[in-house]
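Colleague: I am new to this structure and would like a close look at a single part of it. Please take one helix, and then place it in the chain around it.

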Amino acid sequence: TTHKITLIPGDGIGPEVSGAVVKIVETAGAATRVKFEWHTHNAGAEAFEKTGEYIPKALYESIEATRVALKGPVTTPVGGGFTSINVTLRQKFELFANFRPVKSLPGLKTKYPDIDLIIVRENMEDLYAGLEHVVVPGVVQALKIITEKGSTRIAQFAFDYARKHGRRKVHSIHKANIMKLSDGLFLRCCRAVAEGFPEILYAEHIVDNACMQLVMNPYQYDILLTENLYGDIISDLCSAFVGGLGLVPGANLGTECAIFEAVHGSAPDIAGKNLANPTALLQSAVLMLHHINEGPTAEKIQTALEQVYREGKTLTKDVGGTSGTKEFADAVIAAMG
Ligand code: NAI
Ligand code: MG
């Protein structure tokens, strides 16, 4: 079989990590008789220079055709500049669920061993709808959008996943004590969905307390069900349990398309220096391979990746090693035998 996949290299460390990941996926594919046809289209500042559009029409068309994309991080300017590419793509393709498994890799020493939790983040609403305006000079209003449809749909996703994969608990994370109407609606939807899943424990934690609880004892959590903003913040926090942003993968899922990308951004501080850890994007590619029903190819990569971590000889700097992006990728390829 040949799979057509849209590849968005991104910028900053994007081209380095996506280059490493494509090489590994190709090798694993060759060993498991799966072929890939990469349709490469970039987005962001580089795309704008070439095409005059931050998200070129060809990229939209490619995702419409392939229905699956692997994406490197794209820089979004702070303050002015253009609207976030990520937010725009998630809106355009209705990628309402952001699925982020945070799982310890074997052999890697971290402050919290054996972490296995999942963040299920609503991906289209909340303050990320980007509805902001100046009311009068010196006063800005930002609109937080929470809908019954969006909240129910993400809660349903979280509980369906929990049932299908034998997870025990779902916590909704909220601030309904302050945002009584918006987060209140989110909670009501979560509770209604939870009723259909009596075998799964359901609990609610206020977001600030949840941050403290996570750091004190992350093992009390299993699936964290969140609105868009809290999920964004909590994802970076949770990445620290397993060694940082270099490790945590993600999937933006809708009913028609899916875009797989790491939790981390373009890391301008280490870009172009062969320092970035491609593990987060590689594990995103593993999620993608499962999504397109290529389990054996996914397993081949995951096993090799875990072997490299267990041996601990060829790790990147962020996780205490001395190797570069390329050397790490070559070690994963070598481990596939
Ligand atoms: P960041 O996630 O890019 O970096 C935060 C810290 O983690 C930095 O110290 C960086 O060096 C480190 N780091 C991140 N990924 C790493 C990796 N693979 N290996 C080793 N170290 C890694 O967050 P930051 O600096 O706040 O954002 C930079 C840019 O990325 C911004 O323009 C932001 O908008 C964008 N961004 C894009 C995302 C996407 O395209 N999905 C997601 C998050 C941020
Ligand atoms: Mg983020």
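Modeller: The account below starts with one helix, moves to a strand beside it, and ends with the chain as a whole.

This is a predicted model, in which local features need pLDDT of at least 70 and side-chain atom pairs count only at pLDDT 80 or more, while totals for chains, interfaces and linings use all residues. Residues are numbered from 1 along each chain as its sequence is written, and chains are lettered from A and ligands numbered from 1 in the order in which they are written.

The helix is H3, residues 57-66. Helices (H or I, at least four residues) and strands (E, at least two) are DSSP runs, numbered from the N terminus. The buried residues of H3 are Leu-59, Ser-62 and Ile-63. A residue counts as buried if 20 or more other C-beta atoms lie within 10 Å of its own, as exposed if 12 or fewer do, and as partly exposed in between, with C-beta atoms placed from the backbone. Viewed down the axis of H3, the buried residues fall within an arc of 95°, so they line one face of the helix. That arc is the one of the directions from the helix axis to the C-beta atoms. An α-helix has 3.6 residues a turn, so residues three or four places apart point the same way. On the other side of H3, Lys-57 and Ala-65 are exposed. After H3 comes Arg-67, with a positive phi near 70°.

The cover over the buried residues of H3 includes strand S1 (2-8), strand S2 (35-40) and strand S3 (68-71). Contact here means that the C-beta atoms of two residues, placed from the backbone, lie within 7 Å.

Strand S1 holds Ile-5. Ile-5 is buried because 24 other C-beta atoms lie within 10 Å. Leaving aside neighbours within four places in sequence, Ile-5 is in contact with Phe-36, Trp-38, His-39, Thr-66, Val-68, Ala-69 and Leu-70. Ile-5 and Glu-37 are 32 residues apart along the chain, and their C-alpha atoms are separated by 6.1 Å.

Now the wider setting. The domain assignment, which is automatic or from a database, gives domain 1 (1-103 + 244-337) and domain 2 (111-116 + 127-242). The C-alpha centres of the two domains lie 25 Å apart. Between them, 13 residues of domain 1 are in contact with 16 residues of domain 2. On the side of domain 1 that touches domain 2, the largest share, five residues, comes from strand S4 (residues 97-103).

The protein chain has 11 helices and 12 strands. Its radius of gyration is 20 Å, close to the 20 Å that the globule rule gives for 337 residues, so the chain is as compact as a globular protein of that length. This radius is taken over C-alpha atoms, and the rule is 2.2 Å times the number of residues to the power 0.38. Along the principal axes, the C-alpha atoms fill a box of roughly 55 × 50 × 40 Å. Of the 337 residues, 45% count as buried. Among contacts between residues at least 6 apart in sequence, 74% join residues at least 24 apart.
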